[in-house]
Amino acid sequence: MSLHNHQDSIVLQREKPLSIHDFEGKYFLSPISEENNGFTQYVDIRSDNQERPNVWFASSDAKGETIFSARGHIINNQIEIALSEINKNMNSTMVIRFVGDNLLEVSTADFDNRYDLNYFCRGGGSLAGEYIKQK
């Protein structure tokens, strides 16, 4: 929401809600470098025919193979994915939201469930983190 002062009166204008097209693209957890042995993790977000986000996580150390994929919903300008749809033993919700220009944060809705995002990665990795959009 933004404020505009219009001749002694304040007018509140609601910002346009985000759509799948605002999220579409490939985002990298960290740049490929010697520090991370030349590997990186990324998330690719695309729309489907029903305007729902399809989300794929992959890692270059897994030769680009998908390590997680799901369809989400855009709720309150963020993508939400019920992890119980992937693993019935999980009750958490993955949240993907913008925290800056071309910068997404992947986390869980409830901080206490953050380790659920480790379930999908090998070697103690996690899907959680900040991902930068590929230019």
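1. Let's start at one residue and work outwards. Setting aside residues up to four places away in sequence, Asn54 touches Asp44, Ile45, Arg46, Ser47, Asp48, Ala70 and Arg71. Please keep in mind as you look around that this is a predicted model. Asn54 sits in strand β5, which covers residues 53-59. Its relative accessible area is 15%, and because buried means under 20%, Asn54 counts as buried.

2. Now step back to the whole chain. Its secondary structure amounts to 1 helix and 11 strands. Following the sequence, you will meet these elements in the pattern β-β-α-β-β-β-β-β-β-β-β-β.

3. The sheet is a good thing to trace next. Nine strands form an open sheet with antiparallel pairing, in the order β6-β5-β4-β3-β11-β10-β9-β8-β7. At its edges stand β6 (66-71) and β7 (73-75); each has a single partner strand, so one side of each lacks a neighbour in the sheet. On average, and ignoring direction, neighbouring strands of this sheet are turned by 30 degrees against each other.

4. Which strand does β3 pair with over 2 bridges? The partner is β11: residues 25-28 of β3 and residues 129-133 of β11 pair in the antiparallel sense. If you would like a residue to find this pairing by, Phe28 stands opposite Ile132 in β11.

5. Phe28 is worth a second look for its ring. The structure holds 6 aromatic pairs. In one of them, the ring centres of Phe28 and Tyr42 are 5.5 Å apart with the planes at 45 degrees, so this pair is tilted. The pair links distant parts of the chain, with Phe28 in strand β3 and Tyr42 in strand β4 (residues 41-47), 14 residues apart.

6. Are Phe28 and Tyr42 buried or exposed? Phe28 has 22% relative accessibility and counts as partly exposed. Tyr42, at 15% relative accessibility, counts as buried. The dividing value here is 20%, because buried means under 20% relative accessible area.

7. Tyr42 has a charged companion as well. Lys26 lies over the face of Tyr42, at 4.6 Å from the ring centre. Lys26 belongs to β3, which spans residues 25-28.

8. Elsewhere, ring pairs link several aromatic residues into a cluster. Its members are Phe57, Phe68, Tyr119, Phe120 and Tyr131. You can place some of them on the strands already mentioned: Phe57 falls in β5 (residues 53-59), Phe68 in the edge strand β6 (66-71), and Tyr131 in β11 (residues 129-133).

9. At the β7 end of the sheet, β7 and strand β8 (residues 78-82) run antiparallel and are joined by 3 bridges. Ile74 stands opposite Ile79 in β8. The two strands form a hairpin with 2 residues between them, and in the turn Asn76 has a positive phi of about 55 degrees.

10. Continuing inwards from there, β8 pairs with strand β9 (residues 93-100) in the antiparallel sense over 4 bridges. Here, Ala82 stands opposite Thr93 in β9.

11. A few totals to finish. How many of the chain's 135 residues are buried, as a percentage? Buried residues make up 30%. Of the contacts between residues at least 6 apart in sequence, 36% join residues at least 24 apart. The chain exposes about 8800 Å², and carbon and sulfur atoms supply 46% of that area.

How values were computed:
Residues are numbered from 1 along each chain as its sequence is written. This is a predicted model: local features need pLDDT of at least 70, side-chain atom pairs count only at pLDDT 80 or more; totals for chains, interfaces and linings use all residues. Side-chain values use heavy atoms; hydrogens and water are left out. Two strands pair if DSSP finds at least two bridges between them. Axes are lines fitted to C-alpha atoms, for helices over the stretch in contact, and angles run from 0 to 180 degrees between N-to-C directions. Buried means under 20% relative accessible area, exposed over 50%, partly exposed in between (1.4 Å probe, protein chains only). Contact means heavy atoms within 4.5 Å. Accessible areas come from the Shrake-Rupley method with a 1.4 Å probe; for residues, only the protein chains shown count as cover. Rings of Phe, Tyr and Trp (its six-membered ring) pair if their centres lie within 6.5 Å; planes under 30 degrees apart count as stacked, over 60 as edge-to-face and the rest as tilted. A charge sits over a ring if NZ of Lys or CZ of Arg is within 6 Å of the ring centre and within 35 degrees of the ring normal.
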